[in-house]
Structure formats: C-alpha cells, structure tokens
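Work through the exercises below with the model open. Try each task before reading its solution.

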Amino acid sequence: MSERQEELKFAYWVPNVSGGLVVSTIEQRTDWSVEYNQKLAQTAERAGFDYALSQIRFTAGYGADNQHESVSFSQALLHATTKLKVLAAILPGPWSPAVVAKQIATIDHISNGRIGINVVSGWFKGEFTAIGEPWLEHDERYRRSREFIEALKGIWTQDNFTYRGDFYRFNNYTLSPKPVQKPYPEIFQGGSSRAARDNAASVSDWYFTNGNTPENLKLQIDDIQVKAAKNDHKVRIGVNAFVIARDTEEEARAVLDDIIAHAHVEAVHAFGDAARQAGSASPEGEGNWAKSTFEDLVQYNDGFRTNLIGTPRQIAERIVELKAVGVDLILAGFLHFIEEVEYFGQKVLPLVRELEETALRRKAA
Ligand SMILES: Cc1cc2nc3c(=O)[nH]c(=O)nc-3n(C[C@H](O)[C@H](O)[C@H](O)COP(=O)(O)O)c2cc1C
C-alpha cells in the first residue's frame, strides 16, 4: 500500500439542518443556508477535507427545526466545488433502491464521480409515523438496509439485474448510464449495534459510528474486521468527533464547558428519550446512545467522547491514536464551522500528516 493510500481521510458534517451540531443555546456561527454551506464546502476542500456528509431528517428534532433534503442539497455543494466528495444520507423506507440508483448515477455524471451515499437505517419512530412509513423492528431495519445495499450494487454493476429479496425485487433490470465511479459510488453506513456491524462486515464500503474512546472503538473495529475477513469483505471505518481546537487547552475546555452549560435541556432530554429507546432497541442493547450521558447527548452523535478537544498538537496526537486502533476517517463537527474548518486545515491537518509520516517511517525501519 502506498503512503498516500494509508493517509487518514477527513470528512465534515454538512449543517443542512438548522441549530448547528450541538443542542445548546451557545452562539454558533454556523448556518444551514445553501449560501453558507457552499462557502463552507469550498473552505473545506481548500483546507484538505476529503468528504462532506449531509444529514437526512424528515421532521424536526432536538432543535433542528428546518432541514434541507440530503440528495438535492448535496448537488448544491457539488456545483460549488471541484474536488470534495459529497455523501448524501439515504434512508431506506422513504427511498427505494431503484430511485437512489438512478438519481445517484446521474449525479455521479454531473459531478464527475464525486457523489457517495450514507445509508442510515432509521432510529426515530416518530419521523416514520409522521410520513406514513411503516416502522420495522431494529434488526429488520438492518435486514432491509442490507438488501437495499445489495440491490444498489447489483444495479450499478450488472446488466439484466435480477434480485429476489424480502423487501426488494428486480427483474432483468438494466440501468443506463451506469455511474462514472467504478465499480460504483462509495457506500457508507451508520450505526453501532450488532446488526450495523454485521452489515458493515458484509456489504458496506465504510462503517460510520458515533464518537467514542480509542479503547471502545477498538472493540467495535476488531469485531467488524474479524467478521469482514471471514466474509472476504473490505470495509473501512469512520468515527464521529466534535472538534474544539484552540491555541490553548484551557480555551478549548472552556468552550466545551460553555456548550454544556448552555445545553438546551428540554431538547436534549427529548432527543435522549428517543435515542435511548433506539439505543436499547437492538436485541443486544449495544446500539448508538445505549450508554450516552446527558453531556454526551448535547452533541447528538456522542462527538465529545472522542475527545478531539485541546490544542492542535493534542488533537493531532489523539487522531493518530485513533488511526492506530483501525480508524480510517475522522468525521468532524465544529461550533463555528467555516472559521474552525479553516483553523483545522491550517493547524491540525499538517501535524497529523507529520505524525503519520513519522509512524510510517518507524514501521518501515
Ligand atoms: C455518522 C452517522 C451519521 C448518521 N446520519 C443519520 C442521518 O442523517 N439520518 C438519520 O436518520 N440517521 C442517521 N444516523 C443514525 C444511524 O443510521 C442509526 O439509525 C443509528 O445510529 C442507530 O443505529 P444502531 O441501533 O445500529 O446503533 C447516523 C449515524 C451515524 C453514526
């Protein structure tokens, strides 16, 4: 593997929903508008980010009163950039694989191969009820997601595709044109439960998980990679982190304290109730949020737990520790997105690259 291939990848959360990435009344110089997001995408690609991840929500939740749809919003970001890859969140249920395969193939042509998807399996029953979608049991949602991904891959790579699943059926179907990216646009998938990990170990190209400590992440990653090896499947790992990088550790910690002191208590509790239900809904009780505290939930994907909070050097060192336990990509959220993405690119990324080089040299020696 070349040095370049071994470099960690970086993604940022697209704030395509209102309220920023923390459920707090602290000032957030982040905006959910198209204009702000296009400028952010341009800043991120200049700063060295590889991916932007959009979110999908059909209804308001935990302060996010307005939500732009993920696939159409991703196109606005692709139009504004030239290198950045944009990941559109897709929710099986509301979306069918036939529509997604067709839409994403076209966007792949428009963007010259820069679209990917993040298949999310659904955690919020109220959202499904509101839009009249049947709500499946936890592991059934993942069984559907697995079929969804199998169907997409089949449509994107084969002519006369035939598929007989419990959720989806295709009969001699040929999509034309096929996507530009070969074999197909990258398929990410988010979750933490056993079902999510099993899907990652058999069908997804990337597994996205909530923030966590290197020790806990290692347990998840080892579990996935052992199963993936048995399945002869290659999967890479992305982890969420809310990044607070400041010139001093004191400043960074003070920002975290301030975010939590201004937590929107009602919204965090409301989200926590739904999320904990989702977390304990998986039969083994290991889903996202199963163990989240009030403070964790102020960042809705447990982003503080990854502890990328401190000086650029401290953060770079922790990022390289994550790489050492098998993390391939850092998915970052920020308080004031544009300015902090810029700071991250200037101060943190060069240090990460330096530390990666040193580690590689040590390994080679
Ligand atoms: C990085 C990441 C991004 C996610 N994005 C979304 C999203 O945009 N919309 C959504 O409904 N769920 C999203 N999810 C939720 C997951 O798809 C899943 O429903 C949730 O993590 C619970 O899964 P589990 O029970 O397997 O842990 C995301 C999860 C992660 C880790």
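**Exercise 1. Describe how helix 2 packs on helix 13.**

Step 1: geometry. Helix 2 (residues 34–47) packs on helix 13 at an angle of about 0°, and the axes lie 9 Å apart. Axes are lines fitted to C-alpha atoms, for helices over the stretch in contact; angles run from 0 to 180 degrees between N-to-C directions. Helix 2 is therefore roughly parallel to helix 13, the term for angles under 35 degrees.

Step 2: residues. Helix 2 contributes Y36, K39, L40, T43, A44 and A47, and helix 13 contributes F337, I338, V341, E342, G345 and L349. Contact means heavy atoms within 4.5 Å.

Step 3: classes. Eight of the contact residues are nonpolar, two polar and two charged. Here Ala, Val, Leu, Ile, Met, Phe, Trp, Tyr, Cys and Pro count as nonpolar, Asp, Glu, Lys and Arg as charged, and the others, Gly among them, as polar.

The model is predicted: local features need pLDDT of at least 70, side-chain atom pairs need 80 or more, and totals for chains, interfaces and linings use all residues. Numbering starts from 1 along each chain as its sequence is written, and side-chain values use heavy atoms, without hydrogens or water.

**Exercise 2. Trace the barrel and its strand pairs.**

Step 1: order. Eight strands close into a barrel as 1-2-3-4-7-8-9-12, with parallel pairing. Strands are DSSP runs (E, at least two residues), helices likewise (H or I, at least four), numbered from the N terminus. Pairing requires at least two DSSP bridges.

Step 2: twist. Neighbouring strands are turned by 25° on average, direction ignored.

Step 3: pairs. Strand 1 (residues 9–13) joins strand 2 (residues 51–53) through three bridges; A11 stands opposite Y51. Strand 3 (residues 85–90) pairs with strand 4 over five bridges, and I90 faces V119 there.

Step 4: burial. Five of the six residues of strand 4 (residues 115–120) are buried, so strand 4 is largely enclosed by the rest of the structure. Buried means under 20% relative accessible area (1.4 Å probe, protein chains only).

Step 5: cover. Helix 13 lies across strand 1 and strand 12 (329–333), at about 165° to strand 1.

**Exercise 3. Is P185 buried or exposed, and what does P185 contact?**

Step 1: location. P185 sits in the loop between strand 6 (169–173) and strand 7 (187–190).

Step 2: burial. P185 is buried, at 0% relative accessible area.

Step 3: contacts. Beyond neighbours within four places in sequence, P185 touches residues including I104, I115, W156 and D205.

Terms used:
Angles under 35 degrees count as roughly parallel, over 145 as roughly antiparallel, 65 to 115 as roughly perpendicular and the rest as oblique. Buried means under 20% relative accessible area, exposed over 50%, partly exposed in between (1.4 Å probe, protein chains only).
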